[in-house]
Amino acid sequence: MAMTNMSRRGLVMGAAALTAGGLARPYIANAAAKTATVWITQGFVQAEDQALKKTAEDYMKASGNTLEYSIMPFMALNQKIISALTSGDVPDLMFHDAPEVLLPQNAWDDKLLDVSDVVAAYESQLSETAKQCSSFPNKVTKKRSYYLCPVKQGVTPFHIWSDLVDKAGLKMSEIPKEWDGIWTYLKQAQKPLRAKGMRRIYACGLQITTVGPNDGNNVFRHFLIANGGRDIVTPDGKLHTNDPKIREAAIRSVEFMTSLYKEGVVPPEALSWNDADDNNGFHEKLFMMDFDGTLSTELAMIKDKKAFYEDMKTLAPVSKNDGTPMENQVNAGGGFIPKGAKNAEVAKDFMRYFMQPQVMNENLKAGLGRWFPSIPKLVRDDPWWLNSGMPCLKPYIEEGVLNPTLPLYNAYSPAWGQFEAEQVWGQAHADVIKNGMKPADAIDKAFKRAEQIFARYPIT
C-alpha cells in the first residue's frame, strides 16, 4: 500500500518522555514504572500522528510507564526493522500500519514474541481477516500463534477525478460494476481530455511496477481475484499454481494489465514506480484514476475543499469479471514485539490498552478514518464511520467492513511474502512489455519461482 512520500516527508523523531507519578497503574499490576522504546509508522496525514501521540500519552498517564517513541516514514521504518531483526539490536515494540512484508517470515524464523495472551481478551470481537493477518506459523514451535496485536485494517478502493470524467464526456453513474469494465470504460477519457488541451494526461494510474514494495503486488492480486484466481494460496498454506483455473486467471490478468500499458493509457514510468509515485501522480492530475490502498490519496488533499469534497470520488470494487461479488483483500496493522526486547511487558501492556475498543475507535477516528478498527462492531455501532461528512469514507468502509473480504495471502504462508518481495508479478509484466514474452510464458516463469519458494516453507 502507498503510505508515504519520502521525498516530501522527513524523519520525525518524537521522543516522548512523559511519566505520571502518583497516578493509578491499572494495566501492569504490582510493577514499578518502566520505560519501553517504540518505533511507529508515520501517518500519511498529520492527524494520524497526532492521534497516535495522544493514545501514547493517555496510556502513560494511566499507567505511570514511559514510552520513548520514534515516528518515521514507512520505508525508513521497514529498513530499520529489517536491520534490527537481523542484528538483534531491537526496540521493545514496533507499531506498523502495514507489516505484512515483515511479520510472516520473522514469525516463521522465531524472531518475534507470541502475543496471544494480549490478543485473547479481544479475539472474539476481531474480524476474521484481522485474526488471519495477525497469526502465523512458527517453524520452531510448529504451531500458529498471534504475533501481531491488530488495531487497524485497510482496504483498496478506486480513486477517480470525477471532474475529469465529466470533462471527457463520460459519467460516473455509467461506470460498469465488473472489474475489467471499470478500467475499460475510464480509459476512454484519455483521448478527449488530450483533445481539450490536457496533452500529458493519462487515463490510468496502473501500478505495474517492478520496484515495489507493496502496490504493484496489491493491484495484481485484485486482478487475479477478479479473474477467478482467489485460491492461488489457500488457508492451509498450500500453493495451487497447478490448477488450470488459477493459471488462466493469472494469464488474463497479465494480458489485460500489459495491454493497458501498451495502449499508452498508463504513464510509461509506471514500470519503475515506488509506492508513493501513483499518489503523487494522481494529486498532480497526471492521470485520472488510480487503484491504491487506503484513503491516503484523498486525505492528503483534505485542505483543498473543492478537490476533497467535490472532485475526488472513491469507488469500491463491486463485481468480479464473472459478475459475482468482488472479494477485496484487507490487511491488519498494529503492534508486534521482537525477541530480545528488554521491556516486553510494557510493550504488551500498551497494546492491551490500545486494543480496548473505545481507545481503538477514538484513535482511528481522530486519524480521519484512513484505517478502520479491527473490531467490526465498532464501525457498525458508531454512526460516524458511515456519516462522517467526508465523501470518501462511506464507500471505503462499505468495501472493507460490509462487503466480502479476504485476508492477504501472507496470512496463509510466509512463502508468499518472500515471493512478493522479489516483485515476481512486476517482472512478469516487464517480461511481456520489454522482452516480448507471451503472457502465458511470463506466468509459467512466475509460477515456477513461486513453487521454488513455497518448497522452502513446509507447513504441516
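**Exercise 1. How many salt bridges does the count come to by the rule used here?**

The structure is a predicted model, in which local features need pLDDT of at least 70 and side-chain atom pairs count only at pLDDT 80 or more, while totals for chains, interfaces and linings use all residues. Residues are numbered from 1 along each chain as its sequence is written, and side-chain values use heavy atoms, with hydrogens and water left out.

Step 1. State the rule: a salt bridge is a side-chain nitrogen of Lys or Arg within 4 Å of a carboxyl oxygen of Asp or Glu.

Step 2. Give the count: the rule yields 23 salt bridges.

**Exercise 2. Describe the salt bridge between Lys348 and Asp117.**

Step 1. Take the distance: N to O, the two side chains are 3.1 Å apart.

Step 2. Place the residues: Lys348 belongs to helix H14 (residues 344-354) and Asp117 to helix H4 (residues 116-119), so the pair ties together parts that are 231 residues apart in sequence. Helices (H or I, at least four residues) and strands (E, at least two) are DSSP runs, numbered from the N terminus.

Step 3. Use the accessibility classes: buried means under 20% relative accessible area, exposed over 50%, and partly exposed in between (1.4 Å probe, protein chains only). Lys348, at 10%, counts as buried. Asp117, at 40%, is partly exposed.

**Exercise 3. Describe the salt bridge between Arg221 and Glu420.**

Step 1. The closest N and O atoms are 2.9 Å apart.

Step 2. Arg221 is in helix H9 (residues 215-226) and Glu420 in helix H18 (residues 414-421), 199 residues apart, and the pair links distant parts of the chain.

Step 3. Both Arg221 and Glu420 are buried.

**Exercise 4. Describe the salt bridge between Asp381 and Lys377.**

Step 1. Here the closest N and O atoms are 2.4 Å apart.

Step 2. Both residues lie in helix H16 (residues 376-381), 4 residues apart, which is about one turn of the helix.

Step 3. Lys377 has a relative accessible area of 54% and is exposed.

**Exercise 5. Which residues does Gln190 contact, leaving aside its neighbours within four places in sequence?**

Step 1. Gln190 sits in helix H8 (residues 190-195), and its 9% relative accessibility makes it buried.

Step 2. With contact meaning heavy atoms within 4.5 Å, Gln190 touches Ile201, Tyr202, Ala203, Gly264 and Val265.

**Exercise 6. Describe the whole chain.**

Step 1. The chain has 20 helices and 14 strands.

Step 2. Of its 460 residues, 61% are buried.
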